[in-house]
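Hi,

Here's the structure I said I'd pass along. Have a look at it first, and my notes follow underneath.

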Amino acid sequence: MKRSSWAIPYSIFLMLFVVLPLVLVAVYAFSDGHGGVTISNLTTFFTDPKIIGSFLVSLEVALENTLICILIGYPVAYILADKKYNKSATTAMLFIAPMAINALMRTMATAEIFNMAGIPLGKGTLIFGMVYDYLPFMIFPIYNVLDKMDKSYVEAAQDLGASPMTAFRKVTLPLSLPGVLSGAMMVFMPTVSTFAVSEILTNNRIMLFGSVINEQFNNLMWNQGAALSFVMLIIIGITMFVGNDSKEEDAGGLVL
Amino acid sequence: MNRDDIIINIEHVSKSFGDKKVLDDINLYVKKGEFITFLGPSGCGKTTLLRLIAGFLDADSGTITMEGKDIDGIPPYMRPLNTVFQRYALFPHLDVYDNIAFGLKLNNVPEDEIEARVMKVLKLVSMNDYEDRDVNSLSGGQQQRIAIARAIVNRPKVLLLDEPLAALDLKMRKDMQIELKEMHKKLGITFIYVTHDQEEALTLSDTIVVLNEGRIQQIGTPTDIYNEPQNEFVADFIGESNILNGTMIADKKVSFIGHEFECVDEGFGENVPVDVVVRPEDIYIMNQLKGAQFSGEVKSCIFKGVHYEMTVETDNGFELMIQDYNAFEVGSTVGMFVKPVDIQVMKKACTANVFKGVMTSLNTVEILGCEYECPETPGISKDDEVNVEVDFDKVDLLDNKDDAPQFGNVSFILYKGDRYHLTIVTPEGYHVLADTHDVWDKNDIVGIKILPQDMKITKA
């Protein structure tokens with residue numbers, strides 16, 4: 001048996017569960033539901049103010065979520081990776097422990113807490129829930145990069161006259177950017193496409209792009225939903241492409 | 001010694017990591033402009049000492065002064081010295097030029113001066129035209145040169161080098177040694193160099209500091225260290241040597257391997273046990289017995305390139321290593337002699353083990369952190385503090401550590417021509433010296449058995 005034939009089961013799996021669905025999304029996006037080819041499904045994305053509006057809101061929420069995750073996640077990752085403060089690897093594992101709980105349950109519990117505390121659900125609670133959900137995805141790639149970074153880089157910088165702050169700014173930070181980039185990619189796009197979190201934490205007051213797509217499918221508007229998914233796919237593709245390009249060779253931040 | 005000539009002075013410096021004492025009462029000074037090397041096996045504390053000087057670690061006790069000023073508490077970035085790191089630590093996100101200019105930019109040196117200095121230093125390390133290169137695209141040797149350039153461009157008063165050539169292949173290492181030596185001459189900066197390679201230390205240094213287990217073993221010029229080692233560790237670590245048990249019969253007269261020899265050492269006293277070092281190239285070997293001081297039989301003969309290395313069993317059953325340009329046939333009888341000046345006599349650190357202990361009953365004593373059976377001794381009762389003396393050859397080493405009250409790790413092995421002299425360290429850090437004919441390897445775990453009749457107990 002040739003070695004390359006070991007790949008056959010995986011190829012079949014890929015064809016069935018990755019390539020075929022993607023092709024189907026594209027086919028549905030460009031058909032009118034009666035066998036004809038059309039681009040009207042796509043043009044509604046730009047013409048329907050409700051859709052384009054929720055898309056812009058989604059981008060805004062995703063951007064805010066990503067920034068907050070970086071602001072909170074970087075210091076946490078930095079402390080976790082510093083052997084002076086964190087002597088065991090278990091502490092780092094504790095930070096991904098919440099991921100083991102079902103996301104829906106977590107979100108509903110969060111919403112209940114807000115209700116109990118009498119905090120009205122809205123944009124603030126949405127951002128809180130998003131950060132809570134996605135923070136581990138930001139911490140881990142940054143932690144990975146910082147943890148593997150040769151400590152002698154910082155020592156070399158200090159040896160050459162850099163104060164600890166300058167050494168961080170000129171050496172640690174630029175060298176850990178690949179991790180930040182990986183984290184941003186793992187936070188930004190999922191935020192745009194999520195729907196459960198926004199529905200539960202805003203009582204459907206704020207509709208993210210994912211919710212819009214979900215709504216289309218719920219109303220059996222398969223072609224419109226597929227078209228919007230197709231737009232998402234293209235945007236994800238672009239961000240991945242840009243991300244990979246600027247990462248060059250030794251990023252290694254992705255954990256998944 | 002003129003105090004102005006001293007750039008770094010280290011006094012009573014000790015450092016521990018947890019329970020492990022890495023440096024124990026280090027005293028040394030570094031002269032301005034000299035090339036000084038800290039030499040020792042891995043784990044001897046040499047890198048720790050360097051990091052103390054660089055400021056990455058703080059000493060537990062003692063003082064380090066630089067040009068007369070105590071530098072304790074001064075952070076690394078304020079110290080007028082630069083380091084060449086073992087794995088170079090070149091910044092991967094900067095190109096060659098920005099790596100070298102890193103320190104100058106931090107000190108706000110004007111842009112045109114930075115450029116001039118970077119170009120000059122690149123030329124010095126023979127790397128002109130490499131300024132735009134990505135550091136990851138350079139070979140190990142090239143990265144090494146850039147690391148040196150990055151350090152010396154700041155014109156430090158002292159350059160610290162932490163095993164800078166360890167990652168290079170042999171040929172490259174030899175070339176870089178010569179270049180380093182020339183650079184040192186040209187720059188006039190004080191070099192403090194750390195290495196475990198004794199040949200490198202002998203080639204490069206003005207002064208060598210030999211370290212082992214956190215203590216200074218000897219400080220001296222390369223020729224001093226090689227020709228007149230002060231103890232068996234230095235003799236064994238630097239170059240090849242025959243280390244033998246001997247007796248100083250009188251001034252200029254020493255006996256070893258069952259023969260009496262003339263030597264040049266005096267002042268040891270009469271009939272004092274000593275260690276004798278004879279370098280393999282200092283034993284003259286010939287095919288006749290006329291004119292020989294002793295005879296022997298060639299056991300093996302290996303070609304080593306420049307010379308042949310032979311093992312000879314002497315008439316009294318001692319094994320000697322001899323190097324000579326001529327080969328001698330295995331099995332043949334040869335005559336040998338050693339010139340008085342080539343015999344190096346060293347005082348023995350101790351002639352028997354002396355353990356401090358406490359009597360736990362009339363015939364048991366706690367030594368080495370364990371209870372051992374011992375003979376009843378008149379005048380010594382329970383709870384007395386005692387000294388227990390055990391000869392080296394009376395320490396029994398056992399394969400199975402559970403068969404003896406205490407066990408230890410073989411940390412140092414010395415072949416003495418007819419026996420092995422082992423240093424065994426117990427988990428609590430006690431040192432036990434043992435002579436044995438059995439072959440053990442370094443880091444073997446052995447049981448330490450001592451028979452009651454081999455203990456001599458005296459009140460402490």
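In chain B of this predicted model, strands β12 (residues 253-256) and β13 (residues 259-262) run antiparallel and are joined by 4 bridges. If you want a spot to zoom in on, Val254(B) sits opposite Phe261(B) of β13(B). The two strands form a hairpin with 2 residues between them, and Ile257(B) there takes a positive phi near 40 degrees.

Chain A is another story to click through. It has 11 helices and 0 strands, so to speak an α-α-α-α-α-α-α-α-α-α-α pattern when you read along the sequence. Its C-alpha atoms fill a box of roughly 70 × 65 × 35 Å along the principal axes. Of the 256 residues in chain A, 34% count as buried. As for contacts in chain A between residues at least 6 apart in sequence, 74% of them join residues at least 24 apart.

One helix pair I looked at in chain A is α5 (residues 103-117) with α6 (residues 123-148): they pack at an angle of about 140 degrees, and their axes are 11 Å apart. The crossing of α5(A) and α6(A) is right-handed. Which residues meet there? From α5(A) you have Ala103(A), Arg106(A), Thr107(A), Thr110(A) and Phe114(A), and from α6(A) there are Thr125(A), Gly129(A), Tyr132(A) and Asp133(A). By type, the residues of this contact split into 3 nonpolar, 4 polar and 2 charged.

Cheers

How values were computed:
Residues numbered from 1 in each chain as written. Chains lettered and ligands numbered in written order. Predicted model: local features only at pLDDT ≥ 70, side-chain atom pairs only at ≥ 80, totals over all residues. Buried ≥ 20, exposed ≤ 12 C-beta atoms within 10 Å, placed from the backbone. Contact = placed C-beta atoms within 7 Å. Axes fitted to C-alpha atoms, helices over the stretch in contact; angles between N-to-C directions. Left-handed = near helix turned anticlockwise from the far one by under 90°. Nonpolar A, V, L, I, M, F, W, Y, C, P; charged D, E, K, R; others polar. Pairing = 2+ DSSP bridges.
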